[in-house]
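Hi,

Here is the structure I promised to send over. Have a look at it first, and then read on for my notes.

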Amino acid sequence: MSKGTVVLAYSGGLDTSCILVWLKEQGYDVITYLANIGQDEDFEAAQKKAESLGAKKVFIEDLRAEFVEDFIWPAVQANAVYEDRYLLGTAVARPCIARRQVEIARREGAHFVSHGATGKGNDQIRFELTCYALYPEVKIIAPWRIPEFYNRFRGRTDLMEYAQKHGIPVPVTPRAPWSMDANLMHIRCVRLILFPLFFSFFFSRAPADLYLMTKNPEDSPSVPDVLEIEFKNGVPVKVTNVKDSKVTSSPLDIFSYLNDIGGKHGVGRIDIVENRFIGMKSRGIYETPGGTILLKAHLDIETFTMDKEVRRIKQGLGIKFSELVYNGFWDSPECDFVRHCITKSQENVEGKVQLSVFKGQVYILGRDSPTSLYNEELVSMDVQGDYDPCDASGFIRINAVRLASRIIIPNIVISNSCTKVLKVTILFPPCSPPQVKGTPSFAGFVQHQAVTVAVL
């Protein structure tokens, strides 16, 4: 008798194919679900493979447009960057995938969902928090956290043997030492195989053939592409190539085109060590060409059109948004609140940015906006306008009040304990050397709160 129906997030690879068969062994009816979020995949072959392995149903969902509009665009509005470098390509994709998985589970009356994420990574958290947020009563089967599974499959060799035994097609090439995750926004590679103890992989360069989305900047064209990106409410609505007049205007086409241009010029490569939410550091190689171009352009038009203090608050919200998304809390009430605040901040972020893409870099050339807050006359040195320079004196003095108050005059206590020796005790806080008029200042930092000197 069946234990119930489980919807498996399926990739067609060795791991999830083995999980599919293993779930059937455990007594579950398995529905496989494969999300198309822009990865280079033979979806028809994956469907046939799942059906041949006994999947009850196979769903292949094209989520590319949804991924751009509902997930990438909010990240662009937020200038979302985790730990100053990572543009969150995998982190924003996981809730997109999980959201549709939950929809299928509800529609098919499935009480279980499953995935192939490992027990050491962030993806297990991202998938499951989204599932629980949208389908609280769902039960999650995470094989790589089940002792019966991970003790049985201790490595790739065990999976290969299991696959051969159960008629699962297996790769004919050895496993690459890097695990790869690809989608429309980026490609991520994470090291899998350990180096010998005498050699640290942190100092090893990523092999040249690891990069699939971007050219080596050294081999990129010697002529730049000049683009004009038009924004409305903080998201791009049109991209024009100034050189060949090519225009793209739909969200999916815009992002795909920027990937092509950025990839051609080697834009968006980073090699970093990041802090996983689960509590360990990992090295990742990322390629995010289109996202890098949009980050540069959006930062420019945002600064041009947004009030200084609003932008300062919004910067903090962007950092918080990035942390929430990285940690898997896309569908949390706090992330929903932050997204709404960021969306509100983008109401006047409108205009065009012109930039050059060349040899791995993005150079801003200029910008224009009907909502610009830039006042050329006000800032000009040639025209005084309504600004009175004399007002700056009071402004400076008011700001200096706080700075001047930091200087503490020490208390001097004089005691005459005898007729020939005068003892002078100077009291002052640690690290605040006293300045006595007419005498040289103490050298260095003073570590005691009181110094007594004898004056003969």
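In what order do the five strands of the open sheet come, and is their pairing parallel or antiparallel? Before I answer, please keep in mind that this is a predicted model. The order is β3-β2-β1-β4-β5, and the strands pair in parallel. At the edges you'll find β3 (57-62) and β5 (139-141); each has a single partner strand, so one side of each is left without a neighbour in the sheet. On average, neighbouring strands here are turned by 25° against each other, if you ignore direction.

If you want to zoom in on one edge, look at β3 and its parallel partner β2 (residues 28-36), which are joined by six bridges. One pair to click on is I31 with its bridge partner K57 in β3.

Next, the nonpolar cores. In soluble globular proteins, nonpolar side chains tend to be buried together. The largest core in this model has 74 residues, and F67, W73, V92, I229, F321 and L355 are the ones with the most contacts inside it. Helix α4 (residues 89-108) gives the largest share of this core, with nine residues. Another core lies apart from it and has 24 residues, including V6, L14, C18 and L159.

L355 is a nice place to start in the largest core. Setting aside residues up to four places away in sequence, L355 touches D225, V226, L227, I229, I293, A297, V362, Y363, I364 and L365.

Then there's a helix pair to look at. Helix α3 (residues 64-78) packs with helix α10 (residues 308-326) at an angle of about 140°, and their axes are 9 Å apart. That angle makes α3 oblique to α10, because only values over 145 degrees would count as roughly antiparallel. On the α3 side the contact involves P74, A75, Q77 and A78, which meet K314, G318 and F321 of α10. Sorted by class, that contact has four nonpolar, two polar and one charged residues.

One last residue: is R126 buried or exposed? This arginine is in helix α5 (residues 123-134). Its relative accessibility is 2%, so R126 counts as buried, the cut-off being under 20%. Not counting neighbours within four places in sequence, R126 is in contact with T90, A91, R94, V325, Y326 and G328.

That's what I have for now. Happy to go through it with you on screen.

Cheers

Key: Residues numbered from 1 in each chain as written. Predicted model: local features only at pLDDT ≥ 70, side-chain atom pairs only at ≥ 80, totals over all residues. Heavy atoms only, no water. Core = buried A, V, L, I, M, F, W, Y, C linked by side-chain atoms within 4.5 Å. Buried < 20%, exposed > 50% of the residue type's maximum accessible area, 1.4 Å probe, protein only. Helix = DSSP H or I, 4+ residues; strand = E, 2+ residues; numbered from the N terminus. Contact = heavy atoms within 4.5 Å. Axes fitted to C-alpha atoms, helices over the stretch in contact; angles between N-to-C directions. Parallel < 35°, antiparallel > 145°, perpendicular 65-115°, else oblique. Nonpolar A, V, L, I, M, F, W, Y, C, P; charged D, E, K, R; others polar. Pairing = 2+ DSSP bridges.
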